[in-house]
Amino acid sequence: MFPFRSSLNASTLFPYKLNVIEQIAIAGEAGYEGIELWVSGIESYIEGGGTAAEIREALAKHSVAFVNAIAFFKWADQDDAIREEAFVQAERELRMLADLGCVAAAAPPFGDVANVSLTDMGRHFARLSALGREIGIDVYLEFWGRASQLSRVDQALEVIRASELTDAQVLLDPFHMYTGGSTVEDLKGLQGSQIGIMHANDYPASPSRETITDAERVFPGEGIAPSKEIAETLYAAGYRGYLSVELFIADFGSQTALETAAKGLQTLKETYQVAGE
């Protein structure tokens with residue numbers, strides 16, 4: 001059975017150069033329950049004359065929940081001035097997202113974080129989370145496999161401990177687990193309530209772990225990721241939230257956007273099956 005909820009990360013549709021309204025429509029037509037939109041895409045749509053009301057209407061029309069936003073603010077940068085600017089940016093973007101009905105935004109280790117301790121990162125994340133909650137939106141701590149700091153599951157857990165937040169949540173991603181050296185065993189330190197969302201993707205055996213890039217991600221089940229073990233571990237932890245298909249494939253050939261989205265949903269549900277009770 002597939003005990004999770006399905007989401008589409010808009011990055012999967014980037015080759016089709018769709019605006020956010022079109023991305024939402026494709027997600028809904030393909031059968032996804034949720035979508036992750038990028039702040040950059042939302043801002044481009046509004047700057048081009050679109051409105052927040054139109055985005056809200058599209059989400060309602062296609063019965064798609066806005067489950068998370070992909071944002072880039074330097075909330076943990078080692079430079080105090082840059083970090084303060086990032087919090088101004090974060091407040092602006094989080095307010096915009098909350099107005100659209102978005103429930104969360106990703107907080108990856110964006111910026112100069114090489115010399116930032118996990119303890120300090122936890123303190124900055126606590127501040128960012130407090131800002132989000134004041135606005136009415138959660139912030140999910142994201143690790144990046146190639147980041148100079150916060151590149152593994154265990155480091156994300158350390159940041160959460162340092163934040164002293166009892167309800168902090170992380171964003172998980174098989175590709176970043178792979179490139180950062182995290183294992184399924186590392187996931188067993190998480191309870192389901194500590195997981196905000198899980199990106200779903202896969203990766204081939206070649207290129208190597210040291211050289212593989214985001215563009216070489218593949219659909220769930222088409223690579224060597226331990227997807228079955230990940231699914232079982234998430235399920236055992238009590239997680240029943242969203243798995244969001246996130247690819248960065250540059251060209252899908254003759255495949256239409258709807259066909260790509262539908263394939264993503266099919267492979268997601270097939271790959272992340274768990275044994276029934």
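**Salt bridges and a packed helix**

Let me begin with Glu-246, which has a relative accessibility of 5% and therefore counts as buried, given that the cut-off for that word is under 20%. I should say at once that the model we are looking at is a predicted one. The partner of Glu-246 is Arg-217, and the side chains of these two residues meet in a salt bridge, at 3.0 Å from N to O. Glu-246 lies in the loop between E8 and H10, whereas Arg-217 lies in the loop between E7 and H9, so the pair ties together parts that are 29 residues apart in sequence. Arg-217 is buried as well, with a relative accessible area of 2%. Nor does this pair stand by itself, for salt bridges with shared partners join Asp-173, Asp-214, Arg-217 and Glu-246 into one network.

How many salt bridges are there by this rule? The count comes to 18, and I will take two further examples.

One of them is formed by Glu-134 and Arg-95, whose closest N and O atoms are 3.8 Å apart. Since Glu-134 belongs to helix H5, residues 118–135, and Arg-95 to helix H4, residues 80–99, this pair links parts that are 39 residues apart in sequence. Glu-134 is exposed, at 61% relative accessible area, while Arg-95, at 41%, counts as partly exposed.

The other example is the salt bridge between Arg-161 and Glu-158, with 3.1 Å between the closest N and O atoms. Both residues sit in helix H6, residues 153–163, and because they are three residues apart there, about one helical turn separates them. Arg-161 counts as exposed at 53% relative accessibility, and Glu-158 as partly exposed at 29%.

Let me turn now to helix H9, residues 227–236. Which of its residues are buried? They are Ser-227, Ile-230, Ala-231, Thr-233, Leu-234 and Tyr-235. These buried residues pack against several elements, including strand E6 (169–172), strand E7 (195–200), strand E8 (242–245) and helix H10 (257–271).

After H9 comes Gly-238, which has a positive phi, near 95°. Gly-238 is in contact with another glycine, Gly-192, and, leaving aside neighbours within four places in sequence, Gly-192 also touches Ala-237 and Tyr-239. Gly-192 is found in the loop between H8 and E7, and at 9% relative accessibility this glycine counts as buried. From Gly-192 to Ala-236 we pass over 44 residues in sequence, yet their C-alpha atoms are 8.2 Å apart in space.

How values were computed: Residues numbered from 1 in each chain as written. Predicted model: local features only at pLDDT ≥ 70, side-chain atom pairs only at ≥ 80, totals over all residues. Heavy atoms only, no water. Buried < 20%, exposed > 50% of the residue type's maximum accessible area, 1.4 Å probe, protein only. Helix = DSSP H or I, 4+ residues; strand = E, 2+ residues; numbered from the N terminus. Contact = heavy atoms within 4.5 Å. Salt bridge = Lys/Arg side-chain N within 4 Å of Asp/Glu carboxyl O.
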